[in-house]
Amino acid sequence: MHKVLCFGDSNTWGYSPTTGQRMPADSRWPRVMASLLGEAYQIIEAGQPGRTTYPNSPDFGLSSGIEALLQDISKHQPDCLVLMLGTNDLYPAFHLSAEQISDNLERMVVELDQHCVNQRMLSPKILLLAPPAIDETGRFGQHFAGAKDKSTQLAEHYQTIAHSLGCGYLDVSQIITGKLLDGVHMNSVQHQALGEALANTFIELP
């Protein structure tokens, strides 16, 4: 059995832009992917709203994800890691450029590999996802003033990192269609599209 850890923020957790609650399990992209891949794959959901790469802003509910990532890797020892972070790093108070956010993501991957070496574990194959671009006109997007262009730029930077580190790569904005209803979070149709695209990616892996 292949074990896949899906690690990310509220767009992995399944925050609904229409209800403000967590989507039903079968609507979230990790479960969509799991249903299509079947019993040969164990899909582990590890999304958390407010998660960043490294920055912290407790007043806005944002927290670094690196320690949770290392703990989940040690706990589950997955064959593959699907990693989608970066949206919350665009919070204006952090004053981070797209390049700096990408550097943080690269740092996470390097730190993860070193952690696996230290723990004498095999490093998982990694699939980096560039998160969907922010729409600043949305209810949540308006809290990310000036982030639209930066969020769009993440895709190119993430692709470069993926190539440099030997990771897989997908740009979520190229997979989903339609507007992000609150400017940040995917709806159930967009989760379905992402889950299907990821399932196809795994089916094609050697």
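Trainee: Which residues does Thr12 touch, not counting residues up to four places away in sequence?

Mentor: Good place to start, and please keep in mind that this model is predicted. Thr12 sits in helix α1, which spans residues 10-13. Leaving out residues up to four places away in sequence, Thr12 touches Cys6, Phe7, Trp29, Pro30, Glu45, Gly47 and Met84.

Trainee: Is Thr12 buried or exposed?

Mentor: The cut-off helps here: a residue counts as buried under 20% relative accessible area. The relative accessible area of Thr12 is 0%, so Thr12 is buried.

Trainee: And what about Met1, is that residue buried or exposed?

Mentor: Met1 belongs to the segment before β1. Among the residues Met1 touches are Glu39, Ala40 and Asp79. Having contacts does not settle the matter, though, and the cut-off for exposed is over 50%. Because its relative accessibility is 70%, Met1 counts as exposed.

Trainee: How many Å apart in space are Met1 and Glu39, C-alpha to C-alpha?

Mentor: Along the chain, Met1 and Glu39 are separated by 38 residues. In space, the C-alpha to C-alpha separation of Met1 and Glu39 is 7.6 Å.

Trainee: Let's move to the sheet. Which strands stand at the edges?

Mentor: Five strands form an open, parallel sheet, and their order is β2-β1-β5-β6-β7. Neighbouring strands are turned by 15° against each other on average, direction ignored. A strand with a single partner has one side left without a neighbour in the sheet, so the edge strands are β2 (41-47) and β7 (168-171).

Trainee: Which residue in β2 is the bridge partner of Gly8?

Mentor: Strands of a sheet pair through backbone hydrogen bonds. Strands β1 and β2 run parallel and are joined by seven bridges. Five of the seven residues of β2 are buried. In β2, Gly8 has as its bridge partner Gly47.

Trainee: Which residue in β6 is the bridge partner of Val82?

Mentor: Strands β5 (residues 80-84) and β6 (residues 125-130) also run parallel, with four bridges joining them. In β6, Val82 is paired with Leu127.

Trainee: Which strands does helix α2 lie across?

Mentor: Helix α2 covers residues 29-37 and runs at about 180° to β2. The strands that α2 lies across are β1 (2-8), β2 and β5.

Trainee: Within what arc do the buried residues of α2 fall?

Mentor: Those buried residues are Trp29, Pro30, Val32, Met33 and Leu37. Looking down the axis, you find that they line one face of the helix, because they fall within an arc of 160°.

Trainee: Which residue just after α3 takes a positive phi?

Mentor: There is a similar case to look at elsewhere: just after α2, Gly38 has a positive phi of about 85°. Just after α3, a positive phi of about 45° belongs to Gln77.

Trainee: Which residues on the other side of α3 are exposed?

Mentor: Begin with the buried residues of α3, which are Ile66, Leu69, Leu70, Asp72, Ile73 and His76. They cover an arc of only 165° around the axis, so they lie on the same side of α3. Their cover includes β1, β2, β4 (63-64), β5 and α4. On the other side of α3, the exposed residues are Gln71 and Lys75.

Trainee: At what angle do α3 and α4 pack?

Mentor: Two packed helices are described by the angle and the distance between their axes. In α3, Ile66, Leu69, Leu70, Ile73 and Ser74 meet Met108, Glu111, Leu112, His115 and Cys116 of α4. By class, this contact has seven nonpolar, two polar and one charged residues. The axes of α3 (residues 66-76) and α4 (residues 98-118) are 10 Å apart, and the packing angle is about 35°.

Trainee: Last one: is the crossing of α4 and α5 left-handed or right-handed?

Mentor: The axes of α4 and α5 come within 9 Å and cross at roughly 35°. Residues making the contact include Leu105 and Val109 of α4, along with Leu154 and Ile161 of α5. By class, the contact of α4 with α5 has nine nonpolar, four polar and four charged residues. As for its hand, the crossing of α4 and α5 is right-handed.

Key. Residues numbered from 1 in each chain as written. Predicted model: local features only at pLDDT ≥ 70, side-chain atom pairs only at ≥ 80, totals over all residues. Heavy atoms only, no water. Axes fitted to C-alpha atoms, helices over the stretch in contact; angles between N-to-C directions. Helix = DSSP H or I, 4+ residues; strand = E, 2+ residues; numbered from the N terminus. Contact = heavy atoms within 4.5 Å. Nonpolar A, V, L, I, M, F, W, Y, C, P; charged D, E, K, R; others polar. Pairing = 2+ DSSP bridges. Buried < 20%, exposed > 50% of the residue type's maximum accessible area, 1.4 Å probe, protein only. Arc of directions from axis to C-beta. Left-handed = near helix turned anticlockwise from the far one by under 90°.
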